[in-house]
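The following exercises concern domain packing, ionic pairs and a ligand site. Each task is followed by a solution in steps.

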Amino acid sequence: MTLLSVESLTAGYGGIPVVRDVSIHVESGEIVALLGANGAGKTTLLHTIAGLIPEIGGTIAVADQKVNGWSTHQIVRQGLSLLPENRGIFFQLTVAENLRLYQRKGGSVSVADVIEYFPALAALLERKAGLLSGGEQQMLSLACRFIADPKLMLIDEMSLGLAPIIFQRMLPVLAQFAADRGVGVLLVEQHVHVALKSASRAYVLNRGELTFSGTAHDLQNQHQFLESNYMGSAKQGE
Ligand code: ATP
């Protein structure tokens, strides 16, 4: 089943396009990497899909439902869950309170279920999120998205501020959750090679336009292409 279908999407700020004519899709159970240099438009694309920025043109469908013009909370009800760059957890609340806040009413994911994916959270349930380590906070933010029982997850820079080894351990957990429950994941990530190990397919954005669409395996083998899409744009942005 197609959980995200974006057709010819143009989006930006104040009517000025940042992302142009982008078409992507995410299927049930797969992780799709969305890659590109700083400023390529990845976050803009995620925020447009989540209804945080109005689209300028094109269509967006989540779980077979066209969501153009919908507000974020309506799209969330349709099954979308966004993990933003700042982790989107409440630092003054405990781990258990954060989980309760995100739990979907009538959903099929329990606290016990998320603890199976992240056993380390069991001992931290009564601790305030603000007192957790960076890795524990990121574990909690993923757990909060799991417990929302999503159909489609949009993840923005999960590795930000984390030791690479911790990020590398979290990706297989995400892949397992997606496979177990048929969730589709669109993963924005700067750690390209680690992301491509867990992703089945990938897209590359360069200055707002798609320059690659294909399997993660094919992209992994295109070292020169990857370097020019990252280093070239990064240098110009410096
Ligand atoms: P990064 O990896 O640095 O987060 P990105 O690929 O996610 O980069 P975006 O954050 O989507 O890129 O930014 C794309 C372009 O849109 C940049 O040129 C940025 O300056 C511009 N931009 C981002 N947010 C806004 C905003 N609120 N208003 C105007 N322009 C913005």
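**Exercise 1. Characterise the area buried between domain 1 and domain 2.**

Solution. In this predicted model, about 1,200 Å² is buried between domain 1 and domain 2. Carbon and sulfur atoms give 67% of that area. On the side of domain 1, M170, F177 and R181 supply 39% of what this domain buries against domain 2, more than any other three residues. The bounds place residues 2-79 and 150-230 in domain 1 and residues 89-148 in domain 2. Taken over C-alpha atoms, the centres of the two domains are 23 Å apart. In terms of contacts, 17 residues of domain 1 meet 14 residues of domain 2.

**Exercise 2. Identify the polar links across the interface of domain 1 and domain 2, and state which elements of domain 1 touch domain 2.**

Solution. Begin with the ionic links: the count between the two domains is 1 salt bridge. R181 forms a salt bridge with D113, and the closest N and O atoms are 3.7 Å apart. This distance satisfies the cut-off, because a salt bridge requires a side-chain nitrogen of Lys or Arg within 4 Å of a carboxyl oxygen of Asp or Glu.

Next, take the polar contacts: 4 residue pairs are found across the interface. Helix 2 (72-77), strand 7 (152-156) and helix 6 (164-181) each supply at least two residues of the side of domain 1 that touches domain 2. Helix 6 gives the largest share of that side, with 8 residues. Finally, sort the residues of the side by class: 11 are nonpolar, 2 polar and 4 charged.

**Exercise 3. Determine which parts of the chain the salt bridge of E209 and R20 ties together.**

Solution. The total count in the model is 3 salt bridges. In one of them, the side chains of E209 and R20 meet with an N to O distance of 3.1 Å. E209 belongs to strand 10 (residues 209-215) and R20 to strand 2 (residues 16-27), so the pair ties together parts that are 189 residues apart in sequence. As a general principle, side chains of opposite charge can pair when their charged atoms come close.

**Exercise 4. List the residues that surround the ligand, then give the distances from its oxygen atoms to polar protein atoms.**

Solution. The ligand is surrounded by Y13, V18, A37, N38, G39, A40, G41, K42, T43, T44, E157 and Q190. From the backbone, a polar atom of A40 is 3.1 Å from a ligand oxygen. From the side chains, a polar atom of T43 lies 2.8 Å from an oxygen atom of the ligand, and a polar atom of Q190 lies 3.4 Å from an oxygen atom of the ligand.

How values were computed
Residues are numbered from 1 along each chain as its sequence is written. This is a predicted model: local features need pLDDT of at least 70, side-chain atom pairs count only at pLDDT 80 or more; totals for chains, interfaces and linings use all residues. Side-chain values use heavy atoms; hydrogens and water are left out. Domain bounds come from an automatic or database domain assignment. Contact means heavy atoms within 4.5 Å. Buried area is the accessible area (1.4 Å probe) that two parts lose on being put together, summed over both. A polar contact is a pair of N or O atoms within 3.5 Å; within protein, one must be able to donate a hydrogen and the other to accept it, and residues adjacent in sequence count only if both atoms are side-chain atoms. Helices (H or I, at least four residues) and strands (E, at least two) are DSSP runs, numbered from the N terminus. Ala, Val, Leu, Ile, Met, Phe, Trp, Tyr, Cys and Pro count as nonpolar, Asp, Glu, Lys and Arg as charged, and the others, Gly among them, as polar. A residue is near a molecule or strand if one of its heavy atoms lies within 4 Å of it.
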